[in-house]
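Please look through the sequence and the structure shown below, and then read the report that accompanies them.

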Amino acid sequence: MVQSNGNLETHLQIPKIKYTKLFINGEFVDSVSGNTFETIDPRNEEVIARIAEGDKDDVDLAVKAAREAFDNGPWPRLSPTERRRIMLKFADLMVENAEEIAALDAMDAGKLFAPVKNMDIPAAAEIIRYYAGAADKIHGTTLKMSRELQGYTLLEPIGVVGHIIPWNFPTQMFVMKVGPALAAGCTMIVKPAEQTPLSALYYAQLAKQAGVPDGVINVVTGFGATAGAALCSHMDVDKISFTGSTEVGRLVMQAAALSNLKPVSLELGGKSPFIVFDDVDVDKVAPLALIGILYNKGEICVAGSRLFIQEGIYDKFVEKLEVMAKTWVVGDPFDPNSHQGPQVDKKQFERVLSYIEHGKREGAKLLTGGNALDRKGYFIEPTIFIDVEDDMTIAKEEIFGPVLSVMKFKTVEEVIKRANCTNYGLAAGVMTNDLNIANTVSRSIRAGVIWINCYFAFDPDCPYGGYKCSGFERDLGMEGLNKYLQVKSVATPIYNSPWL
């Protein structure tokens, strides 16, 4: 592992923080209580800004604005082509402001500035464009009724939606929720993670600039136990879409059930297997396996955190991983030489370090890393444990950090069983040159996304979501749009028709 000593000031002028208040009904406003909270720069543990702290009273105001915008406002009643035009303008504004937004996400979340600017934000804009293109393709079906009835279905916007998004991908999570809900004609309240509120507020004003009417997108910053809970239990919210931990997902479902039985979609944690068979080219696959755990400092729910390597290439593969990990650069996210920035906050930093200690105590062999960097900020070395057993804590629980568990296997049947021996089921990687093995394993793994000879192969048209404790329903693709639509059946009698 190599440590970078770059700092933000040498690479980019710090942008002025423009938006720190709640965004309700098209305006930036203080919270009702007047309370604020600090958002912290994980590079140096310093305060970036004080952000308005919304709670139940603010959620009530935001829901009221969204309800009025849905029941009486123009957005659900605009022609789909007009919604498409506004959404395309929104996407263009995202790209035009990519440098400033990328700086916000880099400061707020510790994300690498260059990839956010050059990859994340352009990809996020493409998600908005994808759903803009879907806005005029929402239609029901004509039914072939069994008697003298004419029947058809309508697809109608579900109504007021609450989006609760996590801190690891502030930009992607915003557009994955907001994009399809806008295309469907919904109005919404976004509750960003308290660790990373800055870009969501910025996107809200860009949407207004693009022409999204007041009340359609509202952003309430604050904490999950207050603002998030109020949103989930609100009687006038028609749908909750949540991405986060399995633990909080259960609370979201409970609040929805105890209030108005609003439907919930959940994208939760993961402990994804990355399976390598011994017919692969080690030099090609090993870098993919390393990226599979270290991308975004391991703060990604589909991280390939359980690496299964077939015994014939195990030693060679491990040697390759060790060599690559030693050249991995951890440092300031604004330094173009950095491969990995800091963990998002002190709590996550300490959580990851505690799991590393679990691995050491339980007998896993530490190959590389295992320590925090000796500098200010929440930086952790890329950490690889080998000879890990399936019942070890680091092999069972989601760590959400740069910690890889490496395990050896012999047969196809064995690795399928071990890969499925988890409460999670979000993603899996299968690396093999044998088509029969690829087909067998991909159909046998109980996970929502299977990547064969690739990893992190996201696309706007590819649905994304999990099995088991990784949640249900899907983001992205047309499935990501359908969850914001209600199906209404309409039937009317027909008389003296020559045919049914």
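The report below turns from an annotated span to a charged surface patch and then to individual loop residues.

The model is predicted, and its residues are numbered from 1 along the chain as the sequence is written. According to UniProt, in an unreviewed entry, the feature "domain: Aldehyde dehydrogenase" is placed at residues 28-490. In the model, this span of residues 28-490 is 40% helix and 21% strand, and its end C-alpha atoms lie 42 Å apart.

On the surface, a negative patch is formed by Asp315, Glu319, Glu362, Asp387, Glu389, Asp391 and Glu397. One of these residues, Glu362, lies in the loop that runs between helix 12 (346-361) and strand 16 (365-368). Glu362 counts as partly exposed because its relative accessibility is 34%, a value that falls between the limits of 20% for buried and 50% for exposed residues.

Two further loop residues can be described through their backbone angles. Leucine 261, although it is not a glycine, has a positive phi of about 55 degrees, and glutamate 473, also a residue other than glycine, has a positive phi near 70 degrees. The table sets out where each of them is found and how accessible each one is.

| Residue | Loop between | Relative accessibility | Class |
|---|---|---|---|
| Leucine 261 | helix 9 (246-258) and strand 12 (264-267) | 66% | exposed |
| Glutamate 473 | strand 23 (471-472) and helix 16 (477-482) | 35% | partly exposed |

Leucine 261 therefore counts as exposed, since its relative accessibility is 66%, whereas glutamate 473, at 35%, is partly exposed.

How values were computed:
This is a predicted model: local features need pLDDT of at least 70, side-chain atom pairs count only at pLDDT 80 or more; totals for chains, interfaces and linings use all residues. Side-chain values use heavy atoms; hydrogens and water are left out. Patches are made of residues with over 30% relative accessible area and no salt bridge: like charges are joined within 9 Å, nonpolar side chains (Val, Leu, Ile, Met, Phe, Trp, Tyr) within 5 Å. Accessible areas come from the Shrake-Rupley method with a 1.4 Å probe; for residues, only the protein chains shown count as cover. A salt bridge is a side-chain nitrogen of Lys or Arg within 4 Å of a carboxyl oxygen of Asp or Glu. Lys and Arg count as positive and Asp and Glu as negative; His and the chain ends are not counted. The place of a charge is taken as NZ of Lys, CZ of Arg, CG of Asp or CD of Glu. Helices (H or I, at least four residues) and strands (E, at least two) are DSSP runs, numbered from the N terminus. Buried means under 20% relative accessible area, exposed over 50%, partly exposed in between (1.4 Å probe, protein chains only). UniProt positions are given in the numbering used here, feature names are shortened, and annotations may be inferred rather than shown by experiment.
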